[in-house]
Amino acid sequence: MSETSCYILDNGAYTAKVGLSTMEPKIVPNCIMKAKSERRRPFIASQLDECRDASGLFYILPFQKGFLINWDTQKTIWDYIFSKECCPVNFSETPLILTEPLFNFHSIQEAMTEIFFEEYECQSLLRINATDLAEYHYRKLHKNEGTVVVDSGYSFTYIVPYINGKKYKEGIRRIDVGGKVLTNHLKEILSYRQLNVMEESYVINQAKEDSCFVSHDFMGDMQITRRTGSRNTIVKDYVLPDYTTLRRGYLRDIVRPNEDLEQQTLRMNNERFSIPELLFHPSDVGIPQMGIPEAIINSIDSCPEGNKESLLENIILYGGNALFPGFRDRVFNEVRALALDHFDVNVSIAENPITYAWEGGKYLFKDPEFYSFCLTKEEYEEEGRNLAFERFDI
């Protein structure tokens with residue numbers, strides 16, 4: 001096997017990170033969208049850039065609660081991704097690394113393998129968890145024996161401990177809070193307090209990304225938001241896009257009464273930090289689970305005693321929620337407070353949290369053992385699905 005590049009598809013529930021290992025990855029929405037302004041035309045993945053007015057977007061998502069269930073939608077998106085319009089590939093010459101969720105259902109695993117071998121005529125396939133790629137990426141750079149991978153994405157937050165490159169399954173923890181819960185909560189709060197934005201998922205998701213941060217002193221920040229005038233250093237206005245002069249909203253200082261601002265705005269006060277707080281206190285929205293720092297400690301406590309020190313020293317955060325300012329420091333402070341004093345704690349954040357797992361695939365392709373992890377079309381035709389289950393231990 002002498003292929004010079006590999007095609008990597010990190011198939012997330014909100015965005016797909018895709019491209020050849022010799023290039024930079026493309027980040028495309030993993031959904032089909034319909035707009036009020038152009039009712040006849042669906043926008044597939046990155047075609048959304050062509051939409052003139054993205055207000056009131058209706059999403060058709062292939063994933064529900066973190067698992068792929070809408071196959072027609074996903075197949076349409078894959079067809080677009082592999083086309084000349086997006087990120088073309090010849091699967092007869094290029095091996096494929098495809099990510100899937102942890103604890104994926106057997107029926108979904110089977111269907112994925114079947115589609116890529118039979119529909120796309122893939123010659124060589126590696127199905128793998130995104131957290132495995134993230135851990136491989138981290139281990140290549142740090143040469144450590146234990147790693148805790150924290151993947152905080154769209155549907156869930158997963159905490160996965162690895163010992164010598166292998167998942168320690170008894171230590172895996174899942175928190176049912178991801179970017180989708182945060183965006184929906186922000187929609188509800190803004191709709192109740194200011195303006196009905198329940199149908200504006202796309203715009204409010206952008207408002208969340210542009211406005212929110214993780215608080216290091218929640219009660220102290222709440223006191224600041226109760227102040228008036230310039231003494232409140234947190235309150236800002238979020239200018240909403242009008243899709244004629246402005247395609248994406250932005251955060252700005254509060255407009256004084258004598259200033260005239262034509263565009264519609266949302267007043268962002270304690271919402272700016274109370275929304276990401278759900279990652280640390282899911283019970284605030286009725287989800288009876290631990291927050292991220294507690295779950296990290298709980299996960300490490302379930303691992304063998306001899307590995308705890310290495311695990312605490314190698315905690316890596318990635319996924320879309322890791323982009324919130326202050327996220328890494330808050331996780332570090334709380335894990336440090338919960339861990340035993342004689343252990344060192346080190347929490348690092350991926351350089352690019354969105355594409356971190358994809359980059360791990362790039363490193364994995366260079367591994368001399370790479371082809372021993374893959375399943376070829378001939379093996380699939382001879383042995384069928386049973387070999388796929390053996391080879392890809394998800």
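Axes are taken as lines fitted to C-alpha atoms, for helices over the stretch in contact, and angles between N-to-C directions run from 0 to 180 degrees. On this basis, in the predicted model described here, helix α11 (residues 356-365) lies across strands β1, β2, β9 and β10 and runs at about 150° to β1.

These strands belong to an open sheet of 6 strands, arranged in the order β3-β2-β1-β9-β10-β20 with mixed pairing. Its edges are formed by β3 (26-29) and β20 (375-376), each of which pairs on one side only. A further helix, α1 (residues 71-81), packs on the sheet through contacts with β1, β2 (15-20) and β3, and the direction of α1 makes about 145° with that of β1. Within the sheet, β1 (residues 7-11) and β9 (residues 96-100) are joined in the parallel sense by 3 bridges. In this pairing, Tyr-7 is placed opposite Leu-96 of β9.

Strand β10 spans residues 124-129 and includes Ser-124. Ser-124 is classed as buried because its relative accessibility is 6%, the cut-off for this class being under 20%. When residues up to four places away in sequence are not counted, the contacts of Ser-124 comprise Pro-95, Leu-96, Tyr-371, Cys-374, Leu-375 and Thr-376. Leu-96, one of these contacts, is also the residue of β9 that stands opposite Tyr-7.

A second set of pairings involves strand β11 (residues 146-152), which is mostly covered, with 7 of its 7 residues buried. In a regular strand, side chains alternate between the two faces of the sheet. In β11, Gly-146, Val-148, Val-150 and Ser-152 point one way, whereas Thr-147, Val-149 and Asp-151 point the other way; residues of both sets are buried.

Strand β11 pairs with β12 (residues 157-163) in the antiparallel sense through 7 bridges. The two strands, β11 and β12, constitute a hairpin with 4 residues between them. Across this pairing, Val-148 is found opposite Pro-161 of β12. Strand β11 is also paired with β18 (residues 315-318), here in the parallel sense and over 4 bridges. Tyr-318 of β18 is the bridge partner of Asp-151. Strand β11 thus has an antiparallel pairing with β12 and a parallel pairing with β18. Both Val-148, opposite Pro-161, and Asp-151, bridged to Tyr-318, are buried, and the two point opposite ways from β11.

Conventions. Residues are numbered from 1 along each chain as its sequence is written. This is a predicted model: local features need pLDDT of at least 70, side-chain atom pairs count only at pLDDT 80 or more; totals for chains, interfaces and linings use all residues. Side-chain values use heavy atoms; hydrogens and water are left out. Buried means under 20% relative accessible area, exposed over 50%, partly exposed in between (1.4 Å probe, protein chains only). Two strands pair if DSSP finds at least two bridges between them. Contact means heavy atoms within 4.5 Å.
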